[in-house]
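The exercises below ask you to read strand pairing, charged contacts and enclosed space from a model. Work through each task before you turn to its solution.

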Amino acid sequence: MDTPEALYEKPATPFVNRFLGDINELDGQISNGRVLFGPVDTSLLPALRVVDGAAKLYVRPHDIIAEALVPGAPLQNSGIVRFISSVGANVRIEVEIEGGFPVLEVSQTREHFAEKPLKIGERVRLAFRRAQVFSA
């Protein structure tokens, strides 16, 4: 048995990932050790030593960066804010990614959101800070 922190940070199975809290479960790919998911920037994720192919990505809402897209910036790695709700100390943001991808649930602290507020309908740049990856 591992510590609660270790279970949360590095769950051994998809079941444990789902069991331990809110999670975005996404279909992705592994190519040359890199994790790929649609139009989201995955460059912050470490390279993996796994076989190329289909993968399941598990990304906690607080591990997704969503920032207002600078005018004139390329639309790659972006989505559109569809819902914003304050929940306790956090702000919950739903971001739609075009192309039939699932809506991402993003969580930010109220302080972060107050410093860099987003609006419904606004296009945001997306990146994953961390993700758990399992072969599909």
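How many bridges join β4 to strand β8 (residues 123-128), and in which sense do they run?

**Solution 1.** The model is a predicted one, in which local features need pLDDT of at least 70 and side-chain atom pairs count only at pLDDT 80 or more, while totals for chains, interfaces and linings use all residues. Residues are numbered from 1 along each chain as its sequence is written, and side-chain values use heavy atoms, with hydrogens and water left out. Strands are DSSP runs of E with at least two residues, helices are runs of H or I with at least four residues, and both are numbered from the N terminus; two strands pair if DSSP finds at least two bridges between them. With these terms, β4 and β8 are joined by five bridges and run antiparallel, and Ala-68 stands opposite Val-124 in β8.

**Exercise 2.** Place β4 and β8 in their sheet, and follow the pairing onward from β8.

**Solution 2.** Step one is the strand order, which reads β4-β8-β5-β6-β7 in an open sheet of five strands with antiparallel pairing. The edge strands, each pairing on one side only, are β4 (64-68) and β7 (104-109). Neighbouring strands here are turned by 40° against each other on average, direction ignored, where axes are lines fitted to C-alpha atoms and angles run from 0 to 180 degrees between N-to-C directions.

Step two moves from β8 to strand β5 (residues 78-87), to which three bridges join it in the antiparallel sense; the bridge partner of Ile-80 in β8 is Arg-123. Step three continues to strand β6 (residues 90-96), which pairs with β5 over seven antiparallel bridges, with Ile-84 opposite Ile-93. The hairpin of β5 and β6 has two residues between the strands, and Gly-88 takes a positive phi near 60° there.

**Exercise 3.** Describe the sheet that contains β1 and β3, and state which strands form its edges.

**Solution 3.** This open sheet of four strands has the order β2-β1-β3-β9, again with antiparallel pairing. Its edges are β2 (34-36) and β9 (132-135), each of which pairs on one side only, and the twist averages 40° from one strand to the next. Within the sheet, strand β1 (residues 24-31) and strand β3 (residues 53-59) pair over seven antiparallel bridges, and Asp-27 stands opposite Lys-56 in β3.

**Exercise 4.** How many salt bridges does a search of the whole structure find, and which parts of the chain do Glu-25 and Lys-56 tie together?

**Solution 4.** Begin with the principle: side chains of opposite charge can pair when their charged atoms come close. Under the criterion of a Lys or Arg side-chain nitrogen within 4 Å of an Asp or Glu carboxyl oxygen, the search finds eleven salt bridges.

One of them joins Glu-25 to Lys-56, with the closest N and O atoms 3.9 Å apart. Glu-25 lies in strand β1 and Lys-56 in strand β3, so the contact ties together parts that are 31 residues apart in sequence.

Another brings together Arg-125 and Glu-67 at 3.2 Å, N to O, linking strand β8 to strand β4 across 58 residues. At 28% relative accessibility Arg-125 is partly exposed, a class lying between buried (under 20% relative accessible area) and exposed (over 50%), with a 1.4 Å probe and protein chains only. Glu-67 is likewise partly exposed, at 27%. Salt bridges that share partners also join Arg-18, Glu-25, Asp-27 and Lys-56 into one network.

**Exercise 5.** Is Asp-63 buried or exposed? Relate its salt bridge to the lining of the largest cavity.

**Solution 5.** Asp-63 is buried, with a relative accessible area of 7%, whereas Arg-130 is partly exposed at 38%. Their side chains meet in a salt bridge of 3.3 Å, N to O.

For the cavity, take a 1 Å grid over the protein atoms alone and keep a set of points where a 1.4 Å probe fits but cannot get out; lining residues have an atom within 4 Å of a point. The search finds one cavity of 30 Å³ or more, and the largest cavity has a volume of about 100 Å³, a volume being the space filled by probe spheres set on points joined across faces, edges and corners. Asp-63 and Arg-130 are among the residues that line this cavity, including also Tyr-8, Glu-9 and Tyr-58.

Conventions: 1 Å grid on protein atoms, 1.4 Å probe; cavity = no way out; pocket = protein on both sides within 12 Å on 5 of 7 lines; lining within 4 Å.
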